[in-house]
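Here are my notes for a colleague who is opening this structure for the first time. Please read them with the model on screen, and take the points in order.

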Amino acid sequence: MTVLLPTGIGRPRAIIFDWDNTLVDSWGTIHAALVETFEAMGHEPWTLEQTRERVRYSMRESFPKLFGDRWEEAARRFYAAFERLHLE
């Protein structure tokens, strides 16, 4: 099968990530990254159902409440886990 692509189209300048599950169901990756983050930070991990119920706010709003003064460390751990997991 040959796929013809339009000529003159270069690389995209931006890629939009669908965080809110409109186009792609990313709950599994979000949940797995949160589990790793919770465990690394000494917290009891949530179930997938709890993740779906509780993830409602931005990281800037929710992580300080969850992790206190260590929220930025938790954010780094979450993003590292998410990046690794979604590529798998």
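1. Phe38 and Phe67 are both buried, and I would begin with these two residues, bearing in mind that the model is a predicted one. Their ring centres lie 5.6 Å apart with the planes at 40°, so the pair counts as tilted. The pair links distant parts of the chain, since Phe38 belongs to helix 1 (residues 27–40) and Phe67 to helix 3, with their positions 29 residues apart in the numbering.

2. A further pair is formed by Phe78 and Tyr79, whose ring centres are 5.8 Å apart and whose planes stand at 65°, so this pair is edge-to-face. Phe78 has a relative accessibility of 2%, and because buried means under 20%, Phe78 counts as buried.

3. The structure holds six aromatic pairs. One aromatic cluster is made up of Phe38, Trp46, Phe63, Phe67, Phe78, Tyr79 and Phe82, and this cluster therefore takes in both of the pairs described above, Phe38 with Phe67 and Phe78 with Tyr79.

4. Turning to the helices, helix 3 (residues 59–67) packs against helix 4 (residues 71–87) at an angle of about 115°, the axes being 8 Å apart, and the crossing of helix 3 past helix 4 is right-handed. Helix 3 contributes Met59, Arg60, Phe63, Pro64 and Phe67 to the contact, while helix 4 contributes Trp71, Ala74, Ala75, Phe78 and Tyr79. Of the residues in this contact, nine are nonpolar, one is charged and none is polar.

Technical notes: Residues are numbered from 1 along each chain as its sequence is written. This is a predicted model: local features need pLDDT of at least 70, side-chain atom pairs count only at pLDDT 80 or more; totals for chains, interfaces and linings use all residues. Side-chain values use heavy atoms; hydrogens and water are left out. Axes are lines fitted to C-alpha atoms, for helices over the stretch in contact, and angles run from 0 to 180 degrees between N-to-C directions. Helices (H or I, at least four residues) and strands (E, at least two) are DSSP runs, numbered from the N terminus. A crossing is left-handed if the near helix is turned anticlockwise from the far one by less than a right angle, and right-handed if clockwise. Contact means heavy atoms within 4.5 Å. Ala, Val, Leu, Ile, Met, Phe, Trp, Tyr, Cys and Pro count as nonpolar, Asp, Glu, Lys and Arg as charged, and the others, Gly among them, as polar. Rings of Phe, Tyr and Trp (its six-membered ring) pair if their centres lie within 6.5 Å; planes under 30 degrees apart count as stacked, over 60 as edge-to-face and the rest as tilted. Buried means under 20% relative accessible area, exposed over 50%, partly exposed in between (1.4 Å probe, protein chains only).
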